[in-house]
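Here are a few notes from my look through this one. Please read them with the model open beside you.

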Amino acid sequence: MSIDLVRVDFRTVHAQVMHNWTKQLNIRRIILIDDELFKDDFLQMIYRSSAPRDTKLEFISAKDATVKLREHYYEKLDERCLILFKLISQLYAVVKDGYLFKDVQIGGAPAGPGRKNIYNSVSITQEEHDQLVEISEMGCRIYFQTVPGYKPEEFENIIRKFSNK
């Protein structure tokens, strides 16, 4: 059917936001792309228990996701999909491996040492900044939006904050 949202959020499948996005967009499958979670059966079980009941949750590595995306696997399914990356670096790996998304929503990136807050719950490193700039320059629209009720903020407007801090 379609990929309705591509999102980066380090919190991954968490109740408030994920339930809001899945309901708003009528999502039936969440594809969580993260190399570490892909290997961790215990965490997968925990994540599955927190996903909406009527929503399938798939864990996949960045490399395997790139193959499926290039083959348009998710567009062929009879369900609406959300692609979810835990980390900007995983998004970057898929893009560098040959699959460029039309739009990417940044919804959350953790605060901490070496990170600058640029939007609500989004703090990035210099490396992540450079990765997002490169992805944007390749033609992908990047925007920031934490929850459906917030107005999306375009990458070009937000990223200036990184340079000004």
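1. Start with E1, which gives the largest share of the lining of the largest pocket, four residues. Keep in mind that this is a predicted model. Strand E1 (2-9) is joined by helix H1 (15-25) and strand E5 (103-108) as the elements that give two or more residues to that lining.

2. How many residues line the largest pocket, and which lie nearest its centre? There are 16 lining residues, with Ile-3, Asp-4, Leu-5, Val-6 and Asp-103 nearest the centre. The space inside comes to about 250 Å³.

3. The make-up of that pocket lining is mixed: nine nonpolar residues, four charged and three polar. Asp-4 and Asp-103, both among the residues nearest the centre, count as charged because Asp belongs to that class.

4. Now for enclosed space. Searching the whole structure turns up one cavity of 30 Å³ or more, and the largest cavity holds about 30 Å³. Its lining draws on Val-8 and Phe-10, then Lys-86, Leu-87 and Ile-88, then Gly-108, Ala-109 and Pro-110, and finally Arg-115 and Glu-128.

5. By class, the lining of the largest cavity splits into six nonpolar residues, three charged and one polar. The polar one is Gly-108, because Gly is counted with the polar residues here. Lys-86, Arg-115 and Glu-128 are the charged ones.

6. On the outside, have a look at the nonpolar patch made by Phe-42, Leu-43, Met-45 and Ile-46. Together these residues have about 390 Å² of accessible area. Ile-46 sits in helix H3, which covers residues 41-50. Is Ile-46 buried or exposed? Neither, quite: its relative accessible area is 39%, so Ile-46 is partly exposed. That value also fits its place in the patch, because patch residues need over 30% relative accessible area.

7. Two backbone spots deserve a glance. His-72 has a phi near 60°, a positive value in a residue other than glycine. Where is His-72 found? It is in the loop between helix H4 (62-70) and helix H5 (73-76). With a relative accessibility of 40%, His-72 is partly exposed.

8. The other spot is Asn-120, with phi near 30°, again a positive value in a non-glycine residue. Asn-120 is in the loop between strand E6 (116-119) and strand E7 (122-124). Its relative accessible area is 42%, so Asn-120 counts as partly exposed.

Conventions:
Residues are numbered from 1 along each chain as its sequence is written. This is a predicted model: local features need pLDDT of at least 70, side-chain atom pairs count only at pLDDT 80 or more; totals for chains, interfaces and linings use all residues. Side-chain values use heavy atoms; hydrogens and water are left out. On a 1 Å grid over the protein atoms alone, a cavity is a set of points where a 1.4 Å probe fits but cannot get out, and a pocket is an open set with protein on both sides within 12 Å along at least five of seven lines; lining residues have an atom within 4 Å of a point. Grid points are joined across faces, edges and corners, and a volume is the space filled by probe spheres set on the points. Patches are made of residues with over 30% relative accessible area and no salt bridge: like charges are joined within 9 Å, nonpolar side chains (Val, Leu, Ile, Met, Phe, Trp, Tyr) within 5 Å. Accessible areas come from the Shrake-Rupley method with a 1.4 Å probe; for residues, only the protein chains shown count as cover. A salt bridge is a side-chain nitrogen of Lys or Arg within 4 Å of a carboxyl oxygen of Asp or Glu. Buried means under 20% relative accessible area, exposed over 50%, partly exposed in between (1.4 Å probe, protein chains only).
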